[in-house]
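Thanks for coming, everyone. Let's take a short walk through one structure, with the model up on the screen.

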Amino acid sequence: LSAFRQRDCCSSNMEDDVSLKFHQQLLLISENLVTEDVAALKFLCSDLLHLRKLEGVKSALDIFKLLMAQGYLNAEDTFLLAELLYRIKCHSLLEKLGYTKEKVQEHLHEKGRVSPYRQMLYELSENITNEMLKEIIFLLQNHLPKRWITLSALDLLILLEKQGLLTKDNVQILEDVCVNVSPDLLETIKCYKKAEEYFNIGGQKFSNIERCVVGKMDIIPLKLFTHQCVCLSSDKGKTVHSSKLCILEMAVECARQRQMELHTFFFSFPQNMKSYRMEGPHRGFCLIINNVNFNSSERKGSCKDAEQLQRVFTWLGLDVRTYTDLTSGDIRNLMQTWQHLQDHKDRNCFICCILSHGESGAIYGTDEKLVLIRTLMSHFTAKQCPQLAAKPKLFFIQACQGNKIQRPVYVDTDAQTPDSSSTQESFSLSESIPEEADFLLAMATVDGYVSFRHIEEGTWYIQALCSKLQLLVPRGEDILSILTQVNEDVASRVSRSGTKKQMPQPAYTLRRKLIFPIPTAPPPS
């Protein structure tokens, strides 16, 4: 008996540990979701949870509690939450649940719970711009309450559903407005309707999603039927006689096949990414930290980089502030100061450019002490800097990520000879970027390698970055496409000796496209 009690006690302790870890995971995920994410989760769960309970939701944790209460989420099965994070493009949080983007995609067709209808509406909301929303509201003004204030595209869709104007089987009202507003939105709706359409077998009508309708029957879940002379009853007591069983039997397999096609279609649906809001009167602040003079070296050519960055980002509408020769302590203090700046709330984005020597996952202050890149970026997470929540935070780092010293005549490296008493561990780029959305970390070189600086013309990376921004922003290219062009430019360069190359590396958790508005003035150079 004592052994049994001891075994039960150990089992209970293990269950408690699993439960604690599970709740810690949910708390961590919740802390990394901003208001827009919570609204998206509520919308995607509206077919699974009671609407009245969803209206009282204030945080992601509230949603998690409701899902657990309904048996949709527990420590043993977290796939629904993984699916939801995948749907709202918070891919970086999937690893908290032991998933990857690819693993979720692999199992969606068999385990996915978000309906194609809900997916379609959410995709529409993500691609409706502010201008489109204004046009749609104007076209629907006769259907909307006179004093209703629109907050977002999701709010509009929710209202249309509440009024019964929009349902799974009737999306005509969306088609009517999208004809005039956007061909792309209309195509999304048409794709959904094509996949959702009914098919006929033996003169009877069946739905190709989850359920079938026969004659005047109520909707009955699909089951495996036999040719036996039996009857199937709905809740109202109506029956399906054996004469229709053959049709049902044929319908089952066909419906399942069509259902699989529908899921596959929507799970691979091309998700046109929405862009970050960048049309406000104040674009944002851009910090430039230019470390030139060190105890044992001078980073000649760096001032050329700083000047070019200031010209280009000023042209792009940012309020640029330049800081020269900061120690490690100065850099940390500066980040703390800008972290608490209230003016961020009226800005669209935040940019920080650091020009210095560096090591793996870190940059040097002029006192030759290292500051972890991750530490610098962590000041601007949604929790630490709420004014920048859901806004893009861009960090451009011009510094070596290795300690090899290479000194050609006109080409210098951005490596600093480390103090032998302070050996640093190696940090991967994924370890440097914060584990939450809306960050971009653009490194001049891959981990472990040097980056090159011309002592008169500046660094390969910063000069290529400024050149491509001036060339491609007027063409409407997004920042990731521009950085790809920067990679190509830098990778094609070679030192005078013909033996030294460089490869930049961006990493990001951006959820949307970042497109700078096209400046009215010509490029600075």
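**Cavities and helix pairs**

A search of the whole structure turns up 5 cavities of 30 Å³ or more. Keep in mind that this is a predicted model.

I'll start with the second largest cavity. How much space lies in it? About 60 Å³. Which residues line it? Going along the chain, they are L124, I128, I136, A153, L156, L157, L160, L174, V177 and C178. Two elements each give two or more residues to this lining: α9, and α10, which covers 172–181. Helix α9 gives the most, with 4 residues. And the chemistry? By class, the lining has 10 nonpolar residues, no polar ones and no charged ones.

Now, how do helices pack here? Two packed helices are described by the angle between their axes and the distance between the axes. I have three pairs for you.

Stay with α9, residues 153–162. Its partner is α2, residues 35–44. Their axes come within 11 Å and cross at roughly 25°. Angles under 35 degrees count as roughly parallel, so α2 and α9 are roughly parallel to each other. The crossing of α2 past α9 is left-handed. Who touches whom? From α2 we have A39, A40 and F43, and they meet L154, L157, I158 and E161 of α9. That contact has 6 nonpolar residues, no polar ones and 1 charged one. Note L157: it is in the contact with α2, and it also lines the second largest cavity.

Next, α10. It pairs with helix α8, residues 130–139. The axes of α8 and α10 come within 10 Å, and they cross at roughly 130°. That makes α8 oblique to α10. Which hand does the crossing have as α8 passes α10? Right-handed. On the α8 side, M132, E135, I136 and L139 make the contact, and they meet V177, N180 and V181 in α10. By class, that is 5 nonpolar, 1 polar and 1 charged. Two names come back here. I136 and V177 take part in this contact, and both line the second largest cavity.

Last pair, further along the chain. Helix α13 covers residues 302–315, and helix α17 covers residues 460–472. They pack at an angle of about 20°, and their axes are 10 Å apart. So α13 and α17 are roughly parallel to each other. The crossing of α13 past α17 is left-handed. Look at the residues. K304, D305, Q308, L309, V312, F313 and W315 come from α13. They meet I462, Q463, L465, C466, L469 and Q470 from α17. The class count for this contact is 8 nonpolar, 3 polar and 2 charged.

To recap: α2 with α9 is roughly parallel, α8 with α10 is oblique, and α13 with α17 is roughly parallel. The second largest cavity takes lining residues from α9 and α10. That's my tour; over to you.

Conventions:
Residues are numbered from 1 along each chain as its sequence is written. This is a predicted model: local features need pLDDT of at least 70, side-chain atom pairs count only at pLDDT 80 or more; totals for chains, interfaces and linings use all residues. Side-chain values use heavy atoms; hydrogens and water are left out. Axes are lines fitted to C-alpha atoms, for helices over the stretch in contact, and angles run from 0 to 180 degrees between N-to-C directions. Angles under 35 degrees count as roughly parallel, over 145 as roughly antiparallel, 65 to 115 as roughly perpendicular and the rest as oblique. A crossing is left-handed if the near helix is turned anticlockwise from the far one by less than a right angle, and right-handed if clockwise. Contact means heavy atoms within 4.5 Å. Ala, Val, Leu, Ile, Met, Phe, Trp, Tyr, Cys and Pro count as nonpolar, Asp, Glu, Lys and Arg as charged, and the others, Gly among them, as polar. On a 1 Å grid over the protein atoms alone, a cavity is a set of points where a 1.4 Å probe fits but cannot get out, and a pocket is an open set with protein on both sides within 12 Å along at least five of seven lines; lining residues have an atom within 4 Å of a point. Grid points are joined across faces, edges and corners, and a volume is the space filled by probe spheres set on the points.
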